[in-house]
Structures are given as C-alpha cells and as structure tokens.
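Student: Please take a close look at one part of this model, the salt bridges. I would like the partners, their surroundings and the setting in the fold.

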Amino acid sequence: MDAINPTPEQLQKVLADTPKNQPVVMLNLLRFRDRASYKEAAPELSGREAYGLYMQEAAACVKAVGAEVIWSGRSVGSLIAPPDESWDQVLLVRYPSIDAFMAMIESTEYKGVVKHRTAALEDSRLVANVEEGGQPG
C-alpha cells in the first residue's frame, strides 16, 4: 500500500503518543514518481523536481515553527527491508515539539504548498521520533 499523506487517525495517534515537552525528529523516507502527478494543470515535472519545489516553498513554513532540516541525502540501498522496498531520498527534520509540527501542517501557508509533495511522491514514510534518556541497551 502506497502512503503519501497521513490520515486523521494516524495524526491523532501520533499526537497522543508523543511527549509534548521535547523536540521531535521526523524521519522522511521518500520514493518519487517518474512524472509528478498534479490534480490541476501544472508544468511537466519529474517527481524529484516537484519535491524540490515543495522543499523550496515549505522552507518558510518549517522555519516559522522553529524547525530545521538536520539531514538530507540520497538513499543507496537497504540492508534490512522487504525486497521490494526502496527509497530515493531520506530527510530528517527536527521540530521543537509535536505541537510545532501540527501547527505547521495545519497552517494556511503549508496547505498551499503540500500539493507539490503529494504530486511528487509515489510512496513515503513519515516517522516521529523522540530522544530517550539513558544508555542504549
């Protein structure tokens, strides 16, 4: 099953399960379409080009809530994964809190640019992560 945007149920569960008083790092695993698929008329773009537009236009939304891209890179392969699962790009975005993330995705500005992300992606994963205290075990 391809997954592009979170469902309301997924958002509510993550919102309920994520501590409110600490930063959250969103792990983005991205697989691009060969050709971007917009609902409305748009220039002919590859999925990667459309995602580039999304990143460019969403940068102000990310900054407005105090978040930052802390790492972005091209995926070169999986060592442990289902055989048909592959990703084109990996992105880590650190938000001051889960509430900051929610404020961003609910903003009018963000809702105006997310169309590029939706058009760009064939499949994706968005995983919320928080730091744990103590030593790895």
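Tutor: A salt bridge here is a side-chain nitrogen of Lys or Arg within 4 Å of a carboxyl oxygen of Asp or Glu. The model is predicted, so local features need pLDDT of at least 70 and side-chain atom pairs count only at pLDDT 80 or more, while totals for chains, interfaces and linings use all residues. Residues are numbered from 1 along each chain as its sequence is written, and side-chain values use heavy atoms, leaving out hydrogens and water.

Asp123 and Arg125 meet through their side chains in a salt bridge, 2.8 Å from N to O. Asp123 also pairs with Arg31, at 3.4 Å from N to O. Arg31 sits in strand S1 (residues 24-32) and Asp123 in strand S4 (residues 121-129), so this pair ties together parts 92 residues apart in sequence. Strands (E, at least two residues) and helices (H or I, at least four) are DSSP runs, numbered from the N terminus. Arg31, Asp123 and Arg125 are thus linked in a network of salt bridges.

How covered are these residues? Buried means under 20% relative accessible area, exposed over 50%, and partly exposed in between, with a 1.4 Å probe and protein chains only. Asp123 is buried, at 4%. Arg31 is buried too, at 13%. Arg125 is partly exposed, at 28%.

Another pair joins Arg35 and Glu44, at 3.0 Å from N to O. Here Arg35 is partly exposed, at 41% relative accessible area, and Glu44 is exposed, at 61%. The full count is 5 salt bridges.

Now the setting. The chain has 4 helices and 4 strands, in the order α-β-α-β-β-α-α-β from the N terminus. Of its 137 residues, 37% count as buried.

S1, the strand that holds Arg31, also gives two or more residues to the largest nonpolar core, as do helix H1 (8-17), helix H2 (47-64), strand S3 (89-95), helix H3 (98-106) and helix H4 (108-120). A nonpolar core is a set of buried Ala, Val, Leu, Ile, Met, Phe, Trp, Tyr and Cys residues joined through side-chain atoms within 4.5 Å. This core has 33 residues, and Tyr51, Tyr95, Phe101, Met104, Ile105 and Tyr110 touch the most other members. Leaving aside residues up to four places away in sequence, Ile105 touches Leu11, Tyr110 and Lys111. Contact means heavy atoms within 4.5 Å. Among contacts between residues at least 6 apart in sequence, 77% join residues at least 24 apart.
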